[in-house]
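Student: I would like to go through this chain step by step, from its overall make-up to single residues. Could we take the structure as shown and work from there?

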Amino acid sequence: MFGSCAPKRQAAVPAPLAPKTVAALSSSIAEMWLLAGGSLAGVSADAFAAERGFALPGGVANLGGVFSPSAERLLDLKPDLVLLSRDIAAHRSLAKTLRAAHIPALLVKVETLDEYLSALRDFTGITGDAAAFERNGQRVREQADALLARLPADKGRKSALFFRAYSSGITAITGEHQVCAILSDIGVDVVGGGTAGGRTSALNVSVEHIIEANPDFIFAVFQGDEDKARASFAASFAAHPAWASLRAVRDGRFIVLPKALFHFKPNSRWAQAYEHLLRIVYPETYAAE
């Protein structure tokens, strides 16, 4: 109803049909490759973090930080396929190096459910595991469509500010981001800054900026050292005299979102991500059973 099980394909480069040595330079992309029935020889350091929630077999190489991968360690693997994020400049640069060395590289972009389905379709086309797309792609699309079909007919438009909080401050996010995409789909306008060329816009904001926007909802994800980020936020924003007077705060609509669904890509849990936000925005319709 709201989507298709045959999404627009990601722009892909030729890759071996059955690669034996695959590297993924982000934990979210690594998880997608595993969901597609693939195996991994090397991953970025974030894939080893306990909060990622998926196990890697012994012997998988640590290829360095997601934003600063080690080209030397990667090339030592002699990969026959490397999976990269199109949104990370270091990955785009590395893709050129790999292709010059005749190593297939796939640049992946996933900020929406349709983009996830497109990437998963490409991945399962390489692994040859059609059942994995049925299980982790088509079924997810159907579950999300079923949720969206229940949207109230007279829902109107609501507003929300979404920000990422660090120990050094907060940035409001608009444009191409998974949270913004879901909110838009469920009838919520994201405020907090403009977009540039349709790409993600991260805007440093102050309490005064939030007061001016005065949205119906405020959503946050705490990043980096989460304890320090929470302490910094409590001292600078939550302690501001005007914070408690904000409509969203006063009405209990300041919500901290779980990183598993809204910082990392939800992948096979896209329907859960939709449901999580739908229950917050439309509690009467989507009350937990």
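The questions and answers below go from the whole chain to its sheet, helices and cores.

Student: What share of the residues in the chain is buried?
Tutor: The model is predicted. The chain contains 11 helices and 13 strands. Among contacts between residues at least 6 apart in sequence, 64% join residues at least 24 apart. Of the 289 residues in the chain, the buried share is 48%.

Student: What is the strand order of the open sheet of 5 strands, and which strands stand at its edges?
Tutor: The pairing in this open sheet is parallel, and the order is S3-S2-S1-S6-S7. An edge strand has a single partner strand, so one side of it is left without a neighbour in the sheet. The strands at the edges are S3 (61-62) and S7.

Student: Over how many bridges do S6 and S7 pair?
Tutor: Strand S6 covers residues 81-85, and S7 covers residues 105-108. Ser85 stands opposite Val108 in S7. The two strands pair in the parallel sense, and the number of bridges is 4.

Student: Which helix packs on the sheet with its direction at about 160° to that of S7?
Tutor: Helix H1 packs on the sheet and touches S1 (22-24), S2 (42-43), S6 and S7. The direction of H1 makes about 130° with that of S6. The other angle, about 160° with S7, belongs to a helix of residues 89-100 that touches S6 and S7 on the sheet, namely H3.

Student: Is Ala105 buried or exposed?
Tutor: Ala105 is placed in strand S7. Pro79 is 26 residues away from Ala105 in sequence, with 9.6 Å between their C-alpha atoms. Buried means a relative accessible area under 20%. The relative accessible area of Ala105 is 0%, so Ala105 is buried.

Student: What is the relative accessible area of Leu107, and how far in space is Leu107 from His91?
Tutor: Leu107 also lies in strand S7. Leu107 is buried, with a relative accessible area of 13%. Leu107 and His91 are 16 residues apart in sequence, and their C-alpha to C-alpha distance is 7.9 Å.

Student: Which residues does Ser28 touch, not counting residues up to four places away in sequence?
Tutor: Ser28 is found in helix H1. With a relative accessible area of 8%, Ser28 is buried. Outside that sequence window, the residues touched are Arg52, Phe264, Lys265 and Asn267.

Student: Where is the kink in H5 centred?
Tutor: H5 spans residues 130-148, and its 19 residues reach 26 Å from the first C-alpha to the last. That is close to the 27 Å expected at 1.5 Å a residue. There is nevertheless a kink of about 25°, and its centre is Gln138.

Student: Which helices do the buried residues of H5 pack against?
Tutor: The buried residues of H5 include Ala132, Phe133, Val140, Arg141, Leu147 and Leu148. Their packing partners are the helices H1 (27-35), H4 (113-127), H6 (178-185) and H11 (270-281).

Student: How many residues of H6 are buried, and what do they pack against?
Tutor: H6 is mostly covered, with 6 of its 8 residues buried. Among them are Gln178, Cys180 and Ile182. H6 is followed by Gly187, whose phi is positive, near 90°. The buried residues of H6 pack against S8, S9, S10 (188-191), S12 (217-222), H10 (259-262) and H11.

Student: In S9, which residue is the bridge partner of Tyr166?
Tutor: S8 (residues 158-166) and S9 (residues 169-174) pair in the antiparallel sense over 4 bridges. The two strands form a hairpin with 2 residues between them. S9 is mostly covered, as 5 of its 6 residues are buried. The partner of Tyr166 is Gly169.

Student: Which residues touch the most other members of the largest nonpolar core?
Tutor: This core has 56 residues. A second, separate core of 15 residues includes Leu161, Ala220, Ala229 and Phe237. Back in the largest core, the residues that touch the most other members are Ile186, Phe219 and Tyr274.

Student: Which residues are in contact with Ile186, leaving aside its neighbours within four places in sequence?
Tutor: Ile186 belongs to the largest nonpolar core. One of its contacts is Tyr274, which is also listed with Ile186 among the core members that touch the most others. The full set is Leu148, Leu151, Lys155, Tyr274, Leu277, Leu278, Val281 and Tyr282.

Terms used: Residues are numbered from 1 along each chain as its sequence is written. This is a predicted model: local features need pLDDT of at least 70, side-chain atom pairs count only at pLDDT 80 or more; totals for chains, interfaces and linings use all residues. Side-chain values use heavy atoms; hydrogens and water are left out. A nonpolar core is a set of buried Ala, Val, Leu, Ile, Met, Phe, Trp, Tyr and Cys residues joined through side-chain atoms within 4.5 Å. Buried means under 20% relative accessible area, exposed over 50%, partly exposed in between (1.4 Å probe, protein chains only). Contact means heavy atoms within 4.5 Å. The expected span of a helix is 1.5 Å times one less than its number of residues. The bend at a residue is the angle between axes fitted to the seven residues ending there and the seven starting there. Two strands pair if DSSP finds at least two bridges between them. Axes are lines fitted to C-alpha atoms, for helices over the stretch in contact, and angles run from 0 to 180 degrees between N-to-C directions.
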